[in-house]
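Reader: Please take a close look at a single part of this model: the place where the ligand sits. Walk me through the contacts first, then the surroundings.

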Amino acid sequence: MSKTEIVSIINQKGGVGKTTTAINLAAGLALKNKKILVIDLDPQGNATTGLGLLNSENSNETIYSVLNGTKSIFEVVKNTQFENLDLVSSNVDLSGLEVETAGDSKRAFILKDKIMAYLKHYRGKYEYIFIDCPPSLSLLTVMALVASNSLVVPLQTEFFALEGLTQLMKTIDRIKNNLNPALFIRGILLTMYDKRNKLSSEVEREAREYFKEKVYQTVVPRNVRLSEAPSHGLPVLIYDKTCSGSKSYFSFTDEFINQEKSFESAA
Ligand SMILES: Nc1ncnc2c1ncn2[C@@H]1O[C@H](COP(=O)(O)OP(=O)(O)OP(=O)(O)O)[C@@H](O)[C@H]1O
Ligand SMILES: [Mg+2]
């Protein structure tokens, strides 16, 4: 039976393009007939609204009620208006989880256990589960790191971008050493690239020098269509499939799929 890969879109820095990447990679793969589940793990609920659902409804229907133990994933999965693309939504109540689970010494494993329980019954239903992480290294992010097979790290091509990565890499190593030895970084995706700004090319050069082939060839440009699409509840790939932002996410989707081939030949 086919395997489901769990991929977190992660960077503790805010506003670097995590949600945009989660939504559009998910949409790009769904357009290629792959079955995708997005889990919105951010109390801001941006992946939820960006995929056209509400982040204002009752938290009984969201990832919050899964993580506080009252619901199974099966009970909260929602169809989006897009074929092959389902969602576990989020809302602001999720921000209370850290305090509410303070007495639970195994809480880092809650998300993993819930996903595993789901996959036991629905193995093969999805090819990928993408987790859209919040901008922090808090409990929610640790839960995502413990539950994931691999990571995609969006990196905004601006000053200080690489400094934040050091802290993220340390956290990833700590989780690998203690809680999830098989975790690996699929790649780093450069975002919001501005070709008129020297800083963008400088950050790109440094990132490629330091992280080598871990940096995806695709670079996502700064593109206003990418920032408009979420207010319409649409992935940019559907909102305006010919804009430069869409072209880059189509290309990223292809690069992501091609990684599978290189994983297979290495195996
Ligand atoms: N390449 C881009 N060009 C222009 N705007 C972009 C681009 N990528 C993302 N944006 C916009 O920048 C803002 C931040 O992007 P996004 O929400 O994807 O980042 P994030 O890392 O998920 O943020 P947070 O840390 O708050 O969750 C959003 O308004 C988004 O629409
Ligand atoms: Mg986000």
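Author: D42 places a polar side-chain atom 3.4 Å from an oxygen atom of ligand 1. This is a predicted model, so read that distance as computed. Q44 also contributes its side chain: one of its polar atoms lies 3.1 Å from a ligand oxygen. V16 uses its backbone instead. There, a polar backbone atom is 3.0 Å from an oxygen atom of ligand 1. How much of ligand 1 does the protein bury? Taken alone, ligand 1 exposes 620 Å², and the protein buries 81% of that area.

Now the site itself. Ligand 1 occupies the space of the largest pocket. Three elements each give two or more residues to the shell: α1 (18-31), β8 (215-221) and α10 (224-228). Of these, α1 supplies the largest share, three residues.

Next, the shell by residue. In total, 18 residues surround ligand 1. The closest are K18, T19, T20, P221 and N223. By type, the shell divides into eight polar, six nonpolar and four charged residues.

One shell element leads on to the sheet. Strand β8 gives at least two residues to the shell around ligand 1. In the sheet, β8 stands at the end of the order β3-β4-β2-β5-β1-β6-β7-β8. These eight strands form an open sheet with mixed pairing. Both β8 and β3 (78-79) are edge strands, and each pairs on one side only.

Step inward from β8 along that order, and β7 comes next, followed by β6. Strands β6 (residues 150-156) and β7 (residues 184-193) run parallel, joined by seven bridges. Within this pair, L151 stands opposite I185 of β7.

Methods: Residues are numbered from 1 along each chain as its sequence is written. Chains are lettered from A and ligands numbered from 1 in the order in which they are written. This is a predicted model: local features need pLDDT of at least 70, side-chain atom pairs count only at pLDDT 80 or more; totals for chains, interfaces and linings use all residues. Side-chain values use heavy atoms; hydrogens and water are left out. A residue is near a molecule or strand if one of its heavy atoms lies within 4 Å of it. A polar contact is a pair of N or O atoms within 3.5 Å; within protein, one must be able to donate a hydrogen and the other to accept it, and residues adjacent in sequence count only if both atoms are side-chain atoms. Accessible areas come from the Shrake-Rupley method with a 1.4 Å probe; for residues, only the protein chains shown count as cover. On a 1 Å grid over the protein atoms alone, a cavity is a set of points where a 1.4 Å probe fits but cannot get out, and a pocket is an open set with protein on both sides within 12 Å along at least five of seven lines; lining residues have an atom within 4 Å of a point. A molecule sits in a cavity or pocket if more than half of its atoms lie within 2 Å of its grid points. Helices (H or I, at least four residues) and strands (E, at least two) are DSSP runs, numbered from the N terminus. Ala, Val, Leu, Ile, Met, Phe, Trp, Tyr, Cys and Pro count as nonpolar, Asp, Glu, Lys and Arg as charged, and the others, Gly among them, as polar. Two strands pair if DSSP finds at least two bridges between them.
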